[in-house]
Amino acid sequence: MAAPSQRMPTGLKIGLVAFTVVWLILAAFPFLWTVWGSFKVELDFFSIADWTYALTGERTQITHGSPFTTAGYEGAWIENQFWRNAINTFIVCFFVVCTSLTIGTLGGYALSRSGHNYVFWLLITALIFRAVPPITLVSGYLPPFFQWNLWGYLPTAIVVLVAINQPFTLWMLHSFFQKIPKELDESARVDGCTQFQAFRYVIIPVMWPGVITTGLFSFLLAYNDFAVTTMLLAESNRTMIPAINAFLGTTQTEGNVMFAVAAVVSATVPLFILVMFFQRQIVSGLTAGAVKG
Amino acid sequence: MKHKTFFWFFLPTALAMLVFIAAPMVSIVMQSLFVPHEAVLIETENCGPFGCTTSTAIDQEATAALRAEKPLGRFVGLDIYKDRGHLAFAEVGEAWQNTDSIGAFFSEMGDLPFYDALAFTLTYTFVCTPLLIMLGFAIAVAVNSLSRKIRGFVIFFSLLPMIVTPLVGSLVLFWMIDSRGVLGNLISYLVNDPDLSVKASTPLMWISIITYGIWSSAPFAFVVFYAGLQTVPQDTLESAQIDGATRWQQIRYVVFPHLMPLVTFVALIQLMDNFKVFEPIVGFNAAAHATSLSWIVFNDLGGETRQLSAAATTSVLTVLGVAILLSPVLVRTWRDFRGKT
């Protein structure tokens, strides 16, 4: 492809590669460092004496007899029962993704197949709703939730997260369904299907790529949420992110910071795996959707 | 599609949004206009052999009756908006009259929590957004020049800062810039000041949070621009080359115009998202040095005393801010729509 005139001068090329390397270090080093440090004791990870202790694990060696220790993980997962929070996160994410995809596909499909004027206004409304910071809605939720004794439970948080998710889900699925040719379901309608049957037998089988991409972003929203889950879940029902914040609140005793570090690394692992397997979908979702996840 | 079919398809999602987004928005406006009833007090006089004493007690029945009668609370109009915790008209007016220079006036304003938070929120929004666009563009150009084999690998690591939970990402950075962390050590070595602590300095804290903001959002700009670079019209590039355009001229006159709509798109999205800045303030434990509007809402809602009215008022003001930032997007969408029909 590269015509001679397009070939880069060596200097420029080296510069670009160097820049990429610097960016890669900026992007990845903090995570690698934290993963490495999570297997050390606090005096190594936050070393007053010598920063290289965090690499060699000098104090860890003295305390635990080996430069690596899983004390932070044991403290977080067993002592502080972080596994409960992990299970809660799993429940919340699972139901948020399923519910918001179910009602989102129906709504997004309807928006893409209706030529009426109100579709535009509904999409605009969704865009406005998408821009509202979720934390500002919380003070609207609290009085009725307290009144009807709904506060603190997982289903409440799930329903709220589904609703907050809807505007984004609708936009993405709307633009995705528009790419599926209308002739497909129209011919099914001509053959005597109802609109729902056309959706069920013609659209559902071909919609999975878009639905998976949208589902990924729904998952990320539910998984990454801090403001809503902190405010709406009781202590016993906390998901991982509010639990990490709670660890930070109790950093008085030595070692507790390392619980938080271990918990942070544990919470990053699923996201790491997610990006590894679904990189293509995430990139296409970011570029295709008119909205960011 | 018939109206009726559309209605049934759209009903579940519409209900969810009405009940959990539209209704709370109405609710916060109401809450910002009312305050909870004070308890009704009754004075009783107890007369005994040693004279009379008056004691004040809460009249439980009357209080309950009042609360049942007007569940919204006492109507106070815009009083909460005007109080010291929010727009603080009285304090601002006083500061304006009593200070003799603009600098002194702004430092007085900095003591008012709302304006303090607004200052940081706006600084964060308008510093982060252009810088992350530039960084994202630079990464996109650099990655685009790499061989295809390693691009996937680079994109994988580039996505991480954006995908990880904001609280987690900010904690990871915060632990590194801690005075005992690796970056904190490096910085104090570089400036040759062993006692330097980012946590204790307001400007350094602002810089750290803004750095986090750029770090975590640049990947979004990068991905969008990278996708844009794949669709740069090759014919135009070639004809520019034939006409003798230098490399810089090709970028300036072919690539930039092609990417301009994407820049606008990223800028608008990021302005709105950065205005919501909240998690890094919690993660960096920075409330003493930097607060944002969302953080004030969070702070009012948390703790034992949930100050719903105060939180609702700040919420309304935040939503108004978002609305101002959103208006260009709406105008654009409206124009596109007009253009189509």
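Contact here means heavy atoms within 4.5 Å. Keep that in mind for the exercises below, and remember that this is a predicted model.

**Exercise 1. Find which residues T125(B) is in contact with, leaving aside its neighbours within four places in sequence.**

Start by locating the residue: T125(B) sits in helix α6 of chain B, which covers residues 113-144. Next, apply the contact cut-off, heavy atoms within 4.5 Å. With the neighbours within four places set aside, you're left with L271(B), N274(B) and F275(B). Finally, check accessibility: T125(B) has a relative accessible area of 0%, so it counts as buried.

**Exercise 2. Describe the contact between chain B and chain A: how many residues does each chain give, and how much area is buried?**

Count the residues to begin with. Chain B gives 90 residues to the contact and chain A gives 100 residues. Then turn to the area: about 8,700 Å² is buried between chain B and chain A, with 79% of that coming from carbon and sulfur atoms.

Now for specific pairings across the interface. The rule finds 10 residue pairs in polar contact between chain B and chain A, both residues being at pLDDT 80 or more. Which element of chain B gives the largest share of the side that touches chain A? That's helix α1 of chain B (residues 3-33), with 17 residues. As for the make-up of this side of chain B, its residues split into 65 nonpolar, 18 polar and 7 charged.

**Exercise 3. Track down the salt bridge across the interface of chain B and chain A, and see what else is joined to its partners.**

The rule finds 1 salt bridge across this interface. Its partners are R130(A) and D273(B), with N and O 3.8 Å apart. The cut-off is 4 Å, so a pair at that distance still qualifies.

Where do the partners lie? D273(B) belongs to helix α12 (residues 247-275) of chain B and R130(A) to helix α7 (residues 118-131) of chain A, so the pair joins two chains. Both D273(B) and R130(A) are buried.

Now look at D273(B) again. Its side chain also meets that of K276(B) in a salt bridge, at 3.7 Å from N to O. K276(B) and D273(B) are both buried. Put the two bridges together and you get one network made of R130(A), D273(B) and K276(B).

**Exercise 4. Work out what the salt bridge between D185(A) and R113(A) ties together.**

Over all chains, the count comes to 5 salt bridges. In this one, the side chains of D185(A) and R113(A) meet at 2.8 Å, N to O. D185(A) is in helix α10 (residues 182-190) of chain A and R113(A) is in helix α6 (residues 82-113) of chain A, so the bridge ties together parts 72 residues apart in sequence.

Are these residues buried or exposed? D185(A) has 3% relative accessibility, so it counts as buried. R113(A), at 9%, counts as buried too.

**Exercise 5. Classify the ring pair F34(B) and F75(B), then say whether each residue is buried or exposed.**

For background, the count of aromatic pairs over all chains is 47. In this pair the ring centres are 5.3 Å apart and the planes stand at 70°, so you'd call it edge-to-face. The pair links distant parts of the chain: F34(B) is in strand β1 (residues 34-35) and F75(B) in strand β4 (residues 74-75) of chain B, 41 residues apart.

For accessibility, use the cut-offs under 20% for buried and over 50% for exposed. F34(B), at 13%, is buried, whereas F75(B), at 54%, counts as exposed.

One more stop for rings: which residues do ring pairs link into a cluster with F9(B)? They're Y109(A), F176(A), F177(A), F196(A) and F199(A).

**Exercise 6. Look at phi of A88(B) and N285(B), and say where each residue lies.**

Take A88(B) to begin with. Its phi is near 50°, a positive value in a residue other than glycine. A88(B) is in the loop between α3 (79-82) and α4 (89-98) of chain B, and it's buried, with a relative accessible area of 0%.

Then take N285(B). Phi of N285(B) is also near 50°, again positive in a residue other than glycine. N285(B) lies in the loop between α13 (279-283) and α14 (293-301) of chain B, and this residue is exposed, with a relative accessible area of 59%.

Notes: Residues are numbered from 1 along each chain as its sequence is written. Chains are lettered from A and ligands numbered from 1 in the order in which they are written. Side-chain values use heavy atoms; hydrogens and water are left out. Buried area is the accessible area (1.4 Å probe) that two parts lose on being put together, summed over both. A polar contact is a pair of N or O atoms within 3.5 Å; within protein, one must be able to donate a hydrogen and the other to accept it, and residues adjacent in sequence count only if both atoms are side-chain atoms. Helices (H or I, at least four residues) and strands (E, at least two) are DSSP runs, numbered from the N terminus. Ala, Val, Leu, Ile, Met, Phe, Trp, Tyr, Cys and Pro count as nonpolar, Asp, Glu, Lys and Arg as charged, and the others, Gly among them, as polar. Rings of Phe, Tyr and Trp (its six-membered ring) pair if their centres lie within 6.5 Å; planes under 30 degrees apart count as stacked, over 60 as edge-to-face and the rest as tilted. Buried means under 20% relative accessible area, exposed over 50%, partly exposed in between (1.4 Å probe, protein chains only).
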